[in-house]
Amino acid sequence: NKRSVDNLRSPIVCVLGHVDTGKTKILDKIRHSHVQDGEAGGITQQIGATNVPVYAIKEQSKMVKNFQGNEIKIPGLLVIDTPGHESFGNLRSRGSSNCDIAILVVDIMHGLEPQTIESIGLLKKNKTPFVVALNKVDRLYEWKSHPENDIATTLRKQKQYVLEEFREKVNGIIVQFAEQSLNVKLFHENDDPETWISMVPTSAHSGDGMGNLIALVVKTCETKLARKLAFSENLQCTVLEVKAIQGLGTTIDVVLTNGRLKYGDTIVLPGTEGPIVTHIKGLLMPQPLRELRVKNPYDKFNEIQAAYGIKILAKDMDKALAGTSLLVAYNDDEIEILKEEVQAE
Ligand code: GTP
Ligand code: MG
Ligand code: NA
């Protein structure tokens, strides 16, 4: 199994934070989509997944100083959206459990809130590196937006009293993070990312800071995580959601972190009535920059190499369980062993 830092998979990026801090809106800005507008009550109720290809990263980070888009080594980002409402703690836990890095979204006007603290607990437990998006910066009184500029430049162009309000909010948030034993700094004042966690001011409405946020995630992945992101043939695949889709029957949405899945593969996974053994009848993905959890036209694949968010069609998926691992039996002798393995999970 040759693994190499010259063959990186996409990092899995989990977006976490208190309800209505703008997690889905940030993704909508990156995707040029309107997923949030279609959500019942504007509340996310499922785990989402979006494949963000490298061309979109390059395009949207053009304005970022000291960031060379054509030097990006990862093939893209697999971004996982999670609900912030307090009743969905299980989905936050599931969505964040297998991620490589996270974006913790904080409403700059509100600071740290109960599910921000809960999310910090998950990140600490899993030792997940993360960056902070200080979102809704456009709500500072008389903020002037310049999404075409680096956010550090945009900050410098603000009126004195706008900067003063900004500083006051940021200093309050720094204290709140310190109370959680975390050292945070504004990203452009952070010359020691090993010690300090970076915060990027953003607006999902105006687009301010969005390029800086994407660039920071990419940079952090390529510096801190390169070895972990070396593609491995060892299958690592988790079930995100079990979903009935009109015309397709019950399907599963999975995150393929490492390895590959093929049409016809014999898969073994835990089920409500014991282990399920079945064959992959369809490997589907939405177009790049489209959300897996929203009904979209899907493309069919014969084989997919990690990392991607994938919808799998197969018999007996109505008995599948979200949050569990999916295994592949490469020959029939393996089936019984794998059944025991998933039984033990
Ligand atoms: P949950 O998934 O339900 O936890 O919410 P969320 O964190 O995904 O937030 P969402 O994207 O649903 O946005 C919540 C509200 O905040 C919506 O009304 C958005 O329009 C608004 N919002 C999001 N980002 C910004 C921003 O940068 N500026 C302003 N002014 N409003 C924003
Ligand atoms: Mg949301
Ligand atoms: Na919301």
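Gly counts as polar here, while Asp, Glu, Lys and Arg count as charged and Pro is among the nonpolar residues. By that grouping, the shell around ligand 1 has twelve polar, six charged and four nonpolar residues. The model is predicted.

**Around the ligand**

The shell of ligand 1 holds 22 residues. The closest are Gly-22, Thr-24, Lys-25, Thr-44 and Gly-84. Helix H1, residues 23-31, gives the most to this shell, with three residues.

**The annotated domain**

UniProt, in an unreviewed entry, lists residues 8-225 as "domain: Tr-type G". In the model, the end C-alpha atoms of this span lie 10 Å apart. The span is 36% helix and 18% strand.

**An enclosed strand**

Strand E1 covers residues 12-17. Six of its six residues are buried, so the strand is largely enclosed by the rest of the structure. Ile-12, Cys-14 and Leu-16 point one way from E1. Val-13, Val-15 and Gly-17 point the other way. Both sets are buried.

E1 pairs with two strands, as the table shows.

| Partner of E1 | Residues | Sense | Bridges | Opposite Val-15 |
|---|---|---|---|---|
| E3 | 76-81 | parallel | four bridges | Asp-81 |
| E4 | 101-107 | parallel | five bridges | Ile-103 |

Val-15 thus has a bridge partner in E3, Asp-81, and stands opposite Ile-103 in E4.

**The nonpolar core**

In soluble globular proteins, nonpolar side chains tend to be buried together. The largest nonpolar core of this model has 90 residues. Val-13, Ala-102, Ile-103, Val-217 and Val-254 touch the most other members. Helix H7, residues 210-224, gives the most to this core, with eight residues.

What does Val-217 touch, not counting residues up to four places away in sequence? Its partners are Val-13, Leu-77, Ile-101, Ile-103 and Val-131. Val-13 belongs to the E1 set that points the same way as Val-15 and Gly-17.

**A loop residue**

Leu-321 lies in the loop between strand E16 (308-313) and strand E17 (327-329). Is Leu-321 buried or partly exposed? A residue needs 20 or more C-beta neighbours within 10 Å to be buried, and 12 or fewer to be exposed. Leu-321 has 15 inside 10 Å, so this residue counts as partly exposed.

Leaving aside neighbours within four places in sequence, Leu-321 is in contact with Val-239, Pro-270, Gly-271 and Thr-272. The C-alpha atoms of Leu-321 and Leu-240 are separated by 8.9 Å, although the two residues are 81 residues apart along the chain.

Note on methods. Residues are numbered from 1 along each chain as its sequence is written. Chains are lettered from A and ligands numbered from 1 in the order in which they are written. This is a predicted model: local features need pLDDT of at least 70, side-chain atom pairs count only at pLDDT 80 or more; totals for chains, interfaces and linings use all residues. A nonpolar core is a set of buried Ala, Val, Leu, Ile, Met, Phe, Trp, Tyr and Cys residues joined through C-beta atoms within 7 Å. Two residues are in contact if their C-beta atoms, placed from the backbone, lie within 7 Å. UniProt positions are given in the numbering used here, feature names are shortened, and annotations may be inferred rather than shown by experiment. A residue is near a molecule or strand if its C-beta atom, placed from the backbone, lies within 6 Å of it. Two strands pair if DSSP finds at least two bridges between them.
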